[in-house]
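Hi everyone, thanks for making time for this. I'd like to walk you through a structure, so please have it up in front of you.

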Amino acid sequence: MDIAKTLPAASPAIIITAETGADIAAREALLDRAMGAGRKRKSSEKLRRGRRPSEGLAFVARGEGGAVVGTVRLWDVRLGDHGAAALLLGPLAVDPTVKSAGIGSALMHHAVAEATRLGHRAILLVGDAAYYARFGFSAEKTAGLAMPGPYERDRFLALELVPGVLDGAQGTLKASGRKAGERAAVRVAAA
Ligand SMILES: CC(C)(COP(=O)(O)OP(=O)(O)OC[C@H]1O[C@@H](n2cnc3c(N)ncnc32)[C@H](O)[C@@H]1OP(=O)(O)O)[C@@H](O)C(=O)NCCC(=O)NCCS
């Protein structure tokens, strides 16, 4: 689904679309520009490395000429070894040349809406509460949960898509998404 977002008048028209294979190089270059070289050392990266994003939950924001100016992806995780399924969001990044034009917010609203539509129940992330609170994220429901590596507890945030679903949730997050290179299960209907 493509969504044209209404952004401030000075902004170029931005379209949010599903990420495609052709966007990968531009997305990686954007992440390097926006987040710097240390981005691959984050503990969230442990839950992403070698995995594919959750089905239908990798998005780019496109500016003039289709250039990738924003990215967000969500990943399948479990809350503890055999715990409930949830999503880990990140990285979210916007090209520094078009910051504060509402693109990050548009990506977040779209990601949360699509995750909800697809039946997911909760989204977790590690990020600045001062930014993510506006989308409903808080550290309130992550007290019993942990990331698999160093992180700052007050930056470990969650949003319940189903109210109460994180009540009493405990355990260290585990990657549970499809491994990179693994093909989706394809069923061929009998003629
Ligand atoms: C964080 C980021 C995705 C926001 O994207 P954006 O398109 O600039 O954001 P929006 O236009 O939707 O929102 C801008 C507002 O968020 C605020 N904001 C941006 N980053 C913030 C942060 N880390 N903490 C608190 N507020 C923040 C801006 O000051 C601005 O406030 P205003 O609306 O009062 O002027 C972008 O700045 C970015 O890519 N940063 C580097 C990568 C990064 O740190 N990503 C993870 C975030 S924890």
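Let's begin with strand S4: is S4 mostly covered or mostly exposed, and how many of its residues are buried? It is mostly covered, with 11 of the 12 residues in S4 counted as buried. Please keep in mind as we go that this is a predicted model.

Now, who sits beside S4? Let's take the partners one by one. Strand S3 (58-62) runs antiparallel to S4, and five bridges join the two. If you want a spot to click on, Ala61 stands opposite Gly70 in S4. The hairpin of S3 and S4 has five residues between the strands, and Gly65 takes a positive phi there, near 70 degrees.

Next comes S5, which pairs with S4 in the antiparallel sense, over five bridges. Here Leu74 stands opposite Leu89 in S5. This hairpin also has five residues between its strands, and in it Gly80 has a positive phi near 90 degrees.

There are further partners. S6 runs antiparallel to S4 with two bridges, and Ala93 in S6 is the bridge partner of Thr71. Strand S10 (residues 171-175) is antiparallel to S4 as well, joined by three bridges; look for Val77, whose partner in S10 is Ala175.

Let's move to the core. The largest nonpolar core holds 48 residues, and Leu88, Leu107, Ala111 and Ile123 have the most contacts inside it. Among the elements that each supply at least two residues of this core are S3, S4, S5 and helix H3. Which residues does Ala111 touch, leaving out those up to four places away in sequence? They are Leu57, Phe59, Val72, Leu74 and Leu89. You'll remember Leu74 and Leu89 as the pair facing each other across S4 and S5. As general background, nonpolar side chains tend to be buried together in soluble globular proteins.

On to the ligand. There are 17 residues around it, and Gly104, Ser105, Gly127, Asp128 and Ala130 come nearest. By type, the shell divides into 10 nonpolar, five polar and two charged residues. H1, S6, H3 and H4 each give at least two residues to that shell, and the largest share, three residues, comes from H3.

Last stop, helix H1 (24-35). Its 12 residues should span 16 Å at 1.5 Å a residue, and the end C-alpha atoms are 16 Å apart, so the two agree. Right after H1 comes Gly36, with a positive phi near 80 degrees.

That's my tour, and I'm happy to take questions!

Definitions and conventions. Residues are numbered from 1 along each chain as its sequence is written. A residue is near a molecule or strand if its C-beta atom, placed from the backbone, lies within 6 Å of it. Helices (H or I, at least four residues) and strands (E, at least two) are DSSP runs, numbered from the N terminus. Ala, Val, Leu, Ile, Met, Phe, Trp, Tyr, Cys and Pro count as nonpolar, Asp, Glu, Lys and Arg as charged, and the others, Gly among them, as polar. A nonpolar core is a set of buried Ala, Val, Leu, Ile, Met, Phe, Trp, Tyr and Cys residues joined through C-beta atoms within 7 Å. A residue is buried if 20 or more other C-beta atoms lie within 10 Å of its own, exposed if 12 or fewer, and partly exposed in between; C-beta atoms are placed from the backbone. Two residues are in contact if their C-beta atoms, placed from the backbone, lie within 7 Å. The expected span of a helix is 1.5 Å times one less than its number of residues. Two strands pair if DSSP finds at least two bridges between them.
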